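Subject: Structure handover

Hello,

Here is the structure we discussed. Please open it alongside this email, since the notes below follow it piece by piece.

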Amino acid sequence: MVVKHVGGSQTQSTVSLRPQDLSSYFWQDHIKRLLDDAVRSAQKRQQPLGHILLSGPSGYGKTTLASLIASQLGAQFYSVTGYAISKPADIISLLTSLQPGDVLFIDEIHRIKPSIEELLYIAMEDFSLDVVMPEGWSMKIPLVPFTLIGATTNRDQLTEPLKNRFVYDCQFVPYSDTEKIAILTHYLALYGCRLVQDLIPELATYCISVPRVIHTFVIKVRDWMISYDIAELTPALWEECRQWMGVEKWWLMPLHQRYLAYLTTLWRPTWLKTLAMHLGVSEQTIERDIEPLLFHCGKIEKTPRGRICVG
Ligand code: ADP
């Protein structure tokens, strides 16, 4: 259930693609200003950093930032997702196994159950646990000071009492086009992809301003270049690579394109059920994997009579 990284040494294969130090992490300025000073203060005080809440869309860098903060502090990093903490015993065993100053990261923290959330209140505030025994009496268990970093893609689902217990409340905002280019340029250099310089803005039009998407995009470009022994990407070669990737402007993949093509030919509002039947996928796949990007690019809208194409 829990992934443990000691300091900055990251052991999980999925995590090794993340930036390994803060210098390769693209900060959002308002978060950097807040957390830089908070980390410095914790280091000077030699006491744990205040609890941090990171909220923002998936792929914006919440998990990466949390693990980099832990390594900056020289602290151990424990990572768990909210839905994996299914019973009070899970959180009790997690919290009682922490060492002083450890960072506990709970991803999708809005998914923890109310009974567990209540245990967290006192743990965060007083570094202790109030455990009610089956016989009805309660027992106080002392904890070592630790830092909780909670991440959520759905801030509205968090209760006020939980939100209030975080000292630093950091909300990610959309990455700008300039930041998109900077992140793209960074990953192209990191993976050794050489390309004629003025091709970067053109490549940028094929992905969206989400760091995880940009990173994945560059990995594919790298793979194509290596497989065809391409030393430098030119506009003509990029067109070949793009066709191999099956990507259109705005990071639209074949399923997005089929969805749009179908909606465009109809030119009337269409229900989710109809779209799912036509595309041969589940309604959940449409809602979870296809539509978020199309809403993000302003290509579709939801109306009371169904989905319509707008772009
Ligand atoms: P989240 O937890 O918000 O879903 P992650 O931290 O898992 O996002 O980020 C996904 C991937 O995107 C990371 O592995 C990293 O490669 C890249 N990434 C995310 N944010 C940044 C950033 N600010 N700077 C550089 N790379 C980033």
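Which residues are buried in helix α9 (residues 235-245)? In this predicted model, the buried residues of α9 are Trp-238, Cys-241, Arg-242 and Met-245. Buried here means that under 20% of the relative accessible area is left.

Why do these four count as one side of the helix? Around the axis they cover an arc of only 105°, so they sit on the same side of α9. What do the buried residues of α9 pack against? Their partners are α7 (200-204) and α8 (211-227). On the face turned away from the buried side, α9 carries the exposed residues Ala-236 and Gln-243. Just after α9 comes Gly-246, with a positive phi of about 70°.

The other item is a pocket. The second largest pocket holds about 440 Å³ of space. It is lined by 15 residues, and those closest to its centre are Ile-208, Val-213, Asp-289, Pro-292 and Leu-293.

Which helix gives the largest share of this lining? That is α12, with 5 residues. Both α8 and α12 (283-296) supply at least two residues each to the lining of the second largest pocket. Helix α8 therefore turns up in both parts of these notes: the buried residues of α9 pack against α8, and α8 also contributes to the pocket lining. By type, the lining residues are 8 nonpolar, 4 polar and 3 charged.

Regards

Definitions and conventions: Residues are numbered from 1 along each chain as its sequence is written. This is a predicted model: local features need pLDDT of at least 70, side-chain atom pairs count only at pLDDT 80 or more; totals for chains, interfaces and linings use all residues. Side-chain values use heavy atoms; hydrogens and water are left out. Buried means under 20% relative accessible area, exposed over 50%, partly exposed in between (1.4 Å probe, protein chains only). The arc is that of the directions from the helix axis to the C-beta atoms. Contact means heavy atoms within 4.5 Å. On a 1 Å grid over the protein atoms alone, a cavity is a set of points where a 1.4 Å probe fits but cannot get out, and a pocket is an open set with protein on both sides within 12 Å along at least five of seven lines; lining residues have an atom within 4 Å of a point. Grid points are joined across faces, edges and corners, and a volume is the space filled by probe spheres set on the points. Ala, Val, Leu, Ile, Met, Phe, Trp, Tyr, Cys and Pro count as nonpolar, Asp, Glu, Lys and Arg as charged, and the others, Gly among them, as polar.
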